[in-house]
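Reader: Please examine the surroundings of the ligand closely, and then set that part beside other elements of the chain.

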Amino acid sequence: MAFYVTTPIYYVNGEPHLGHAYSTIAADILARHHRQRGEDVFFLTGTDEFGEPVAQQAEREGVTPRELGDRLAPRFKEMAKKVNASNDFFIRTTDEGHQKRVQEVVQRVHDNGHVYEGTYEGWYCPRCADFKTESEIEDGNRCPIHRIELTREKQDNWFFRLSAFQEPLERLYAERPEFVQPDFRRNEALAFIRQGLHDVSLSRPTLKWGVPVPWDPDQVIYVWFDALLNYYTALSYAREGKDLTEAFWPATHILAKDILKFHAIYWPAFLMAAGIEVPKRVFIHGYLLMEGHKMSKSLGNVLDPDDVIAKFGADALRYYCFREVSFGQDGQISPQGFEARYESELANEYGNLANRTLSMIGRYRDGVVPEADAEPELAGGFDGAAEGFTALLDEAELTQALEHVWKLVRRLNQYVEETAPWKLAKDDGAAGRLDSVLYGLAEGLRVVTMMLHAYMPDATARLLDALDEESRGLDGFGSRGGGQRVGELAPLFPKLS
Ligand code: ME8
């Protein structure tokens, strides 16, 4: 089984912020989870370096677009590392391998008869690099995403015959209702398609910063087509001397609702035009909001992931984002919210469960997990737990899957209270029961920790080591019997100073 997951490639027109980290972490959780399932995984992230959004920012800063990209792409690379993303490659659209492959695919779309020369006039947002249709324009002639005034643009250029793909797209949506998720986003995309699709520019005659159109090198390819193609091109050159396309294509895409139209409509149409298989799934998430507004570079209300990680650690950040905000919806985040969940859930619920369990095994059983059976009242709650968890993650239900595990964490804590092992330890006649209780706790803790591993790779690895569990594979979920010697464990989530 192969699993190929991607994040959007981020514009190098500003510093990375938590909004970018959020998509990267989401994709990473899926990548890690599928690796735990024993699948062949390829996880791609990177930077989008051509087009107006970057060229205009470079102009404002008085540098060349390439200089801007060379300064900011490493910042996005570092961000991925800091949030503990396990990406297999980092693409920059300025990579030669990317540009070459983009030209090949665009040429193919041309040769297949889906490109023509024409003139277009319309309202344009340079930050989106997008012409807006009448229904997308906000009062005051503004971009609904960036709130800046749109400019009137007229261009002679090459067009992609998007209108010809209205019916094929409707068919795709009918045949594969799971193609775009969640459903309300799918319906939004479908409504856009049914309104009637207009052809879109495939090139820019005035801009120099882009991939040259192969048959008309005075023009560059419209940044969105070059950018979307990153998902496809990366596989062809990410590993020297090896083309991974066959092994991994088609992809599962993670992105936010701002770029739904490009991914749910332009992208599958363009792939069809090139004769390439369309993506497997397109998962759309909402916005992280701060004080009621989308966290964004242009609004300036951003949380710096570096600050959050310095205070809470990458694991806590990864946990918080998907616990606090229901994945798929918009949701508020705040430093106070981080702190509250860190203390009540990570330090008190999960961290304490881990330390209590290990220390009771240490104290009452000389550090060795007893060989016993778990009591049915506890074990019953774990029946089908892994299957339920993986089924949720197959639908990118990152918040529900986490809730599913957290219920088990709470159940284990409740079980400690109910069984009061410290009382059983004082009663010689209860030695057998204490064995079962401690065994059940150790097993339960191991199972929840295996599931949480994709969310919080570092803390869970420490705990699994302390539980003498070497495997990270979800296939080893069945009961493993006792006899393991447990180790020391420093607090997983130390109290905030
Ligand atoms: O659109 N909440 O790049 P971009 C959640 N280069 N996610 C957020 C967010 C927030 N507040 N802010 C940003 C582009 N994001 C193009 C993409 S893909 C072929 C080309 C995330 O730098 C989210 O994933 O503007 C969003 O879709 C993406 O960053 C936009 O990044």
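Author: The following account begins with the ligand and then turns to the sheet and to two individual residues.

This is a predicted model, in which local features need pLDDT of at least 70, side-chain atom pairs count only at pLDDT 80 or more, and totals for chains, interfaces and linings use all residues. Residues are numbered from 1 along each chain as its sequence is written, and side-chain values use heavy atoms, with hydrogens and water left out.

There are 26 residues around the ligand, of which Ile 9, Ser 23, Asp 48, Asp 258 and Leu 288 come nearest; a residue belongs here if one of its heavy atoms lies within 4 Å of the ligand. By class, this shell holds 14 nonpolar, eight polar and four charged residues. Here Ala, Val, Leu, Ile, Met, Phe, Trp, Tyr, Cys and Pro count as nonpolar, Asp, Glu, Lys and Arg as charged, and the others, Gly among them, as polar. At least two shell residues each come from strand S1 (2-11), helix H1 (18-36), helix H7 (223-228) and helix H8 (230-237). Helices (H or I, at least four residues) and strands (E, at least two) are DSSP runs, numbered from the N terminus.

Among the pairs of N or O atoms within 3.5 Å, a side-chain N or O atom of Asp 48 is 2.7 Å from a nitrogen atom of the ligand. An oxygen atom of the ligand lies 2.9 Å from a polar side-chain atom of Asp 258, and a polar backbone atom of Ala 256 is 3.2 Å from an oxygen atom of the ligand. The protein buries 95% of the 670 Å² that the ligand exposes when taken alone, with areas from the Shrake-Rupley method and a 1.4 Å probe.

Elsewhere, four strands form an open sheet in the order S5-S4-S6-S8, with antiparallel pairing; two strands pair if DSSP finds at least two bridges between them. Strand S5 (130-132) and strand S8 (200-201) are at the edges with a single partner strand each, so one side of each has no neighbour in the sheet. Strand S4 (residues 115-125) and strand S6 (residues 151-160) are joined by 10 bridges, and Gly 118 has Asn 157 in S6 as its bridge partner.

Thr 399, in helix H16 (residues 398-419), is buried at a relative accessible area of 15%, where buried means under 20% (1.4 Å probe, protein chains only). The side chain of Thr 399 reaches the backbone oxygen of Val 325 at 3.1 Å. Pro 421, in helix H17 (residues 421-424), is likewise buried, at 0% relative accessibility.

Technical notes: A polar contact is a pair of N or O atoms within 3.5 Å; within protein, one must be able to donate a hydrogen and the other to accept it, and residues adjacent in sequence count only if both atoms are side-chain atoms. Buried means under 20% relative accessible area, exposed over 50%, partly exposed in between (1.4 Å probe, protein chains only).
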